[in-house]
Amino acid sequence: MADDYLVRIGRLIRDARQHRGWTQTQLAEALGTSQSAVNRIERGNQNISLEMIARIGEALDSEIVSLGYAGPMHLRVVGGRRLSGSIDVKTSKNACVALLCASLLNKGRTVLRRVARIEEVYRLLEVLNSIGVRTRWINDGVDLEIAPPAELDMGAIDAEAAVRTRSIIMFLGPLLHRMSHFKLPYAGGCDLGTRTIEPHMIALRRFGLDVAATEGQYHAVVDRGVRPDRPIVLTERGDTVTENALLAAARHDGVTVIRNASSNYMVQDLCFFLETLGVRVEGIGTTTLTVHGVPNIDVDIDYSPSEDPVEAMSLLAAAVVTESELTVCRVPIEFLEIELAVLEEMGLDHDRTPEYFADNGRTRLVDLTVRPSKLEAPIDKIHPMPFPGLNIDNVPFFAAIAAAAQGKTLIHDWVYDNRAIYLTDLNRLGGRLQLLDPHRVLVEGPTRWRAAEMMCPPALRPAVVVLLAMMAAEGTSVLRNVYVINRGYEDLAERLNSIGAQIEIFRDI
């Protein structure tokens with residue numbers, strides 16, 4: 001029991017340190033102790049006094065619970081408030097996690113600018129640190145510096161962190177160039193139904209990678225004699241599948257053609273990053289990519305991932321459901337054009353600035369101003385398609401938007417097995433959503449939202465949709481255990497408060 005208590009306190013300290021943007025060494029210096037001592041404390045391997053807990057809390061400017069376990073984070077939402085002003089879109093969650101995996105390709109120093117400070121990134125950093133990669137937040141915790149070791153220690157991998165993220169699957173592409181055999185824990189992430197890694201393996205076997213899954217681990221073996229001798233045709237036009245194929249092709253000594261590739265935003269950002277590493281990629285933005293690999297990559301680089309179109313859609317939806325006028329700045333318009341076309345059909349009143357470039361010099365941005373609108377249900381169903389279609393991750397936000405519109409909207413979320421089911425949680429808040437089958441939901445609006453207390457859905461986007469509905473509901477709602485939201489959004493409650501929301505973060509003690 002005592003050991004369990006120390007582990008839980010250690011996790012609280014680790015989370016507070018990472019939220020502050022400090023390394024273990026920086027915290028150690030503030031406490032007058034060693035980095036190894038901080039490491040032991042965070043892992044629950046060292047007894048810790050109440051005085052030391054208080055000192056750590058003071059150093060991190062964070063309340064560390066000194067007695068008992070603080071438990072998961074919850075949100076208390078006072079709804080019915082109008083939003084106003086402007087808010088910037090943060091950098092892409094999905095691009096950032098891909099670039100963290102891609103940093104394993106480079107023997108040199110990689111600096112990623114304005115990295116998303118989210119739980120998914122923290123888990124990947126824990127995994128990278130555990131195998132010997134040195135990372136540190138720089139420039140007041142805004143940017144991230146990554147320096148890999150000469151040899152990775154895969155035997156020391158932090159399995160607990162690895163199983164909490166599906167992004168770990170993108171270690172396969174880079175690692176097959178660094179070692180002939182290795183093990184990875186099973187990929188985790190959102191609860192979205194059955195998702196196999198077979199599409200990844202169809203691509204990666206062409207580079208000699210063979211994986212056997214046993215006892216909670218992927219056992220990988222690489223045959224250096226196997227090389228892709230014809231174009232790789234992906235059986236699934238998935239984002240992470242395409243990224244894994246790109247990561248494998250980047251250090252392949254030759255030219256690799258990848259067909260049926262995703263051309264989505266995070267894939268494009270990865271291609272731009274690979275070009276910074278010296279890897280030439282032809283066909284960016286199309287479904288056929290030609291990669292001119294570089295067997296040895298040893299360069300010091302800086303790269304700025306672009307803004308997140310799904311976060312932009314989240315903020316637009318927040319304005320719609322709360323009937324607010326709001327300007328969302330730095331919106332990657334190329335990846336929201338279909339969504340905006342649908343919203344225009346529904347009657348959304350909005351305008352946009354001329355386009356300008358993101359910090360990567362490639363992605364087109366605009367500032368969007370949304371105004372209160374009388375929305376009508378769209379004539380056609382809402383359904384996702386691979387880019388340039390309506391983004392798969394933006395589909396759930398149309399459940400909240402459709403609930404604000406007059407009429408009935410059919411949403412067909414054909415990609416995931418469970419996600420449509422989670423959208424019916426909106427019924428707890430006054431929504432009228434009918435689940436027709438595991439993939440189709442009929443939404444009837446307009447909705448008179450009402451406050452409620454409920455558990456957070458275990459999938460990221462439906463969880464945020466519930467939060468947005470709570471913001472629209474008169475009264476006080478409670479959303480419990482919001483870790484899944486923190487996986488994909490940086491300081492979402494605080495940022496929504498900055499534009500007029502009233503959301504309080506609290507924990508059970």
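These exercises, with worked solutions, concern a predicted model.

**Exercise 1. Strand S17 and its partners**

Task: Find which strands pair with S17, and in what sense. Then decide whether S17 is largely enclosed or open, using its buried residues.

Solution:

Step 1. Take strand S14, residues 326-332. S14 pairs with S17 in the antiparallel sense, over five bridges. Pro 332 stands opposite Leu 365 of S17.

Step 2. Go on to strand S15, residues 349-352. Four bridges link S15 to S17, again antiparallel. Here Asp 351 has Thr 369 as its bridge partner.

Step 3. Add strand S16, residues 356-357. S16 and S17 run antiparallel and share two bridges. Phe 357 is bridged to Arg 364 in S17.

Step 4. Look at the turn of the S16 and S17 hairpin. Six residues lie between the two strands, and Gly 361 has a positive phi near 75 degrees.

Step 5. Now check burial. S17 spans residues 364-371, and six of its eight residues are buried, so the strand is largely enclosed by the rest of the structure.

**Exercise 2. An aromatic cluster**

Task: Find how many aromatic pairs the whole structure holds. Classify the pairs that involve Phe 335 with Tyr 265 and with Phe 387.

Solution:

Step 1. A search of the whole structure gives three aromatic pairs.

Step 2. Start with Tyr 265 and Phe 335. Their ring centres lie 6.0 Å apart and the planes meet at 65 degrees, so the pair is edge-to-face. The cut-off for that class is over 60 degrees.

Step 3. Place these residues in the chain. Tyr 265 belongs to helix H11, residues 265-276, while Phe 335 sits in the loop between S14 and helix H13. They are 70 residues apart, and the pair links distant parts of the chain.

Step 4. Turn to Phe 335 and Phe 387. The centres are 4.9 Å apart, with 45 degrees between the planes, and the pair is tilted. Phe 387 lies in the loop between S17 and helix H14, so this pair ties together parts that are 52 residues apart in sequence.

Step 5. Join the pairs. Tyr 265, Phe 335 and Phe 387 are linked into a cluster by ring pairs.

Step 6. Check exposure against the buried cut-off, under 20% relative accessible area. Phe 335 is buried at 6%. Phe 387 is buried at 13%. Tyr 265 is buried too.

Step 7. Inspect the backbone after Phe 387. A cis peptide bond joins Phe 387 to Pro 388, with omega about 15 degrees. Pro 388 lies in the loop between S17 and H14.

**Exercise 3. Helix packing**

Task: Describe how H10 packs with H11 and how H14 packs with H16.

Solution:

Step 1. Recall the description. Two packed helices are described by the angle and the distance between their axes.

Step 2. Apply it to H10, residues 239-250, and H11. The angle is about 15 degrees and the axes are 9 Å apart. H10 and H11 are therefore roughly parallel. Their crossing is right-handed.

Step 3. Repeat for H14 and H16, the latter covering residues 460-472. Their axes come within 8 Å and cross at roughly 20 degrees. That makes H14 roughly parallel to H16. This crossing is right-handed.

**Exercise 4. A four-stranded sheet**

Task: Work out which strands stand at the edges of the open sheet with mixed pairing.

Solution:

Step 1. Write the order: S4-S5-S3-S13.

Step 2. Read off the ends. S4 (134-138) and S13 (301-303) are the edge strands. Each has a single partner strand, so one side of each lacks a neighbour in the sheet.

Step 3. Note the twist. From one strand to the next, the twist averages 20 degrees.

Step 4. Examine S3, residues 110-112, beside S13. The two run parallel and share three bridges. Leu 112 is opposite Tyr 303 of S13.

**Exercise 5. Positive phi outside glycine**

Task: Locate Arg 114 and Asn 481, and give their phi values.

Solution:

Step 1. Arg 114 is in the loop between S3 and helix H6. Its phi is positive, near 55 degrees. Arg 114 is partly exposed, at 28% relative accessible area.

Step 2. Asn 481 is in the loop between strand S22 and helix H17. Its phi is about 60 degrees, also positive. At 31% relative accessibility, Asn 481 is partly exposed.

Key. Residues numbered from 1 in each chain as written. Predicted model: local features only at pLDDT ≥ 70, side-chain atom pairs only at ≥ 80, totals over all residues. Heavy atoms only, no water. Buried < 20%, exposed > 50% of the residue type's maximum accessible area, 1.4 Å probe, protein only. Pairing = 2+ DSSP bridges. Phe/Tyr/Trp six-rings, centres within 6.5 Å; stacked < 30°, edge-to-face > 60°. Axes fitted to C-alpha atoms, helices over the stretch in contact; angles between N-to-C directions. Parallel < 35°, antiparallel > 145°, perpendicular 65-115°, else oblique. Left-handed = near helix turned anticlockwise from the far one by under 90°.
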